Every structure is written in structure tokens, then in C-alpha cells.
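Student: I should like a close look at one part of this structure, namely the salt bridges and the helix contact that accompanies them. Please treat it as one connected account.

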Amino acid sequence: MPSNSCHPNAPHEKLKAPDWYVSALMLDRALDAILRRVKKLDRAHDIPYLAGYSRDGKTIYIDRHLPRSFTFRGRTIEVDRFLILHEEVEKTLIDQLGLHYLHAHQIATRAEEAAVNAQRVTWKAYDRFMQKYVKSIGDERLRKVPADLDLKPYRDYHDYDLMRRMEQSVERTPGLGAKLKAELKSYAAAFREQHEVEHRRAGRRRTAPPPEPAAKNAARAAPAQARRRTSR
């Protein structure tokens, strides 16, 4: 079916239920509508957590190491469309409604799951495929980070270790955008300061004397109470 049609992937089929009724076909059509609005898809960079977006929202990034499809019960399942749906929903909720990343991410994940299930693919199989590549990509050094990658998700998620690795990566990458470098340095410095404060607090908790048993406290308090009673 031509890509410029109203819904190039979903079949042209009259629904047997009202348009507002939740159905796999309607969800597929909604996903097609979102995919048509994506201005640019980039698969040439290293993206933490597999996918992300540019600051202006015009580019969706999918990690270059993630395969484009996997096999489920003899069928080839293409995954880009589900990741694009997640990133578009998440970015819109953050930019247009001002939601915190973690809240937007939860809603986007539910939309992604519904779209996966509409393709008669279990979420468990899909997520298992994704997690396999999240782990391998998370273990490698980040060599090609996009200059306009939106860092808000990583900042809001408080991923200190990831921000530190990204900061080290940009130092080794010539020609990377100065704005991204400055933003990463600023975030990493804030994370570092927060991390040190939490570390100091944890140290104080470890060195603090353990609380005395209630019996001992009561025994110490009893003479004092007796003294106060006799002095009156």
C-alpha cells in the first residue's frame, strides 16, 4: 500500500464497532498516523536505553546496534514503529503538557505495549528481545552520541553513572556540538555534587552510634524522674 495513503500499514477495513471502541485495527491506524508525522529517523548513533529524541523533537533516534526486527512464532516483527510511538508520545507529553519524564514514560510504555499486543505479539517476548540489547549496549562505551540528543530523560531519571559515561564520551569525540558538551558537563557536575552529598550522609549514618535499647533508656530516665519528683 502506498506510504502516502491515510494509513499505509493498517488494512482498509470497515470497523464493526464504533470508532471510539478500543480495537487492534483502530490502534494500528493511530500508530500509522503518528509514524507519518515523524520528520526524521536516525539509526546511526549510540543511544542509551535504545531510543531517544532530539531537543526539538524533529528526530527520533534508535540505537545503531538494535536489530530492526525479531522473530515471534514464525513471524518477523519489525520494532522501529513501536519505539517511534513510545518516543513521540513521551516527548509530546513532556513538551506540551509539562509532565515529568517518569510520568510521561509510564504512559508511553502503556501505549507501546498496547501497540505490540495489537500485532498479536506478547509483551513478554518483545520486552525480552529489547532488554537483551539494552544490557549489551549499556556495557559498551558510548562512542557516537548525537549532538542534539535531548538529555532530559537521563537527567530526570537521575542516572548518575550514565551521565558520567556520556561526559567522558564527548571529551573523546571531536566535532561534537558545543551545546551538548556544555549541557552534559552541567548535568554531570550537578549529579556529582548530589552524589557526594548522599555519600557523605551515608557515611555519617554508618559512623553514628547505634541507638541504645529501650530498657537502658528507661533505666537511665527513671533516676532523673525520681530526682525531679523529690525536688518538688
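Tutor: What follows takes the salt bridges one after another and then turns to the contact between two helices. The model is a predicted one, and it holds 7 salt bridges. As general background, side chains of opposite charge can pair when their charged atoms come close.

One of these bridges joins Arg64 to Asp46, with 2.6 Å between the closest N and O atoms. The pair links distant parts of the chain, 18 residues apart: Arg64 belongs to the loop between strand S3 (59-62) and strand S4 (69-72), and Asp46 to the loop between strand S1 (40-42) and strand S2 (51-53). Asp46 has a relative accessibility of 0% and counts as buried, because the limit for that class is under 20%. Arg64, with a relative accessible area of 32%, is partly exposed.

The loop between S3 and S4 also contributes Arg68, and this residue takes us to helix H2. Asp80 and Arg68 form a salt bridge whose closest N and O atoms are 3.7 Å apart. Asp80 lies in helix H2 (residues 80-97) and Arg68 in the loop, so the bridge ties together parts that are 12 residues apart in sequence. Asp80 counts as buried at 13% relative accessibility, whereas Arg68 counts as exposed at 53%.

A further bridge stays inside helix H2. Asp95 pairs with Lys91, the closest N and O atoms being 3.1 Å apart. Both residues lie in H2 and are separated by 4 residues, about one turn of the helix. Here Lys91 is the buried partner at 7% relative accessibility, while Asp95 is partly exposed at 43%. Elsewhere, salt bridges that share partners join Asp28, Asp32 and Arg81 into one network.

The residues of that network appear again in the contact between two helices. The axes of helix H1 (residues 24-36) and H2 come within 10 Å and cross at roughly 75 degrees. H1 is therefore roughly perpendicular to H2, since angles of 65 to 115 degrees fall in that class. On the H1 side, Asp28, Leu31, Asp32, Ile34 and Leu35 take part, and they meet Arg81, Phe82, Ile84, Leu85 and Glu88 of H2. Sorted by class, this contact has 6 nonpolar and 4 charged residues, and no polar ones. Asp28 and Asp32 from H1 and Arg81 from H2 thus belong to the helix contact, and these three residues are also joined by the salt-bridge network.

Notes:
Residues are numbered from 1 along each chain as its sequence is written. This is a predicted model: local features need pLDDT of at least 70, side-chain atom pairs count only at pLDDT 80 or more; totals for chains, interfaces and linings use all residues. Side-chain values use heavy atoms; hydrogens and water are left out. A salt bridge is a side-chain nitrogen of Lys or Arg within 4 Å of a carboxyl oxygen of Asp or Glu. Buried means under 20% relative accessible area, exposed over 50%, partly exposed in between (1.4 Å probe, protein chains only). Axes are lines fitted to C-alpha atoms, for helices over the stretch in contact, and angles run from 0 to 180 degrees between N-to-C directions. Angles under 35 degrees count as roughly parallel, over 145 as roughly antiparallel, 65 to 115 as roughly perpendicular and the rest as oblique. Contact means heavy atoms within 4.5 Å. Ala, Val, Leu, Ile, Met, Phe, Trp, Tyr, Cys and Pro count as nonpolar, Asp, Glu, Lys and Arg as charged, and the others, Gly among them, as polar.
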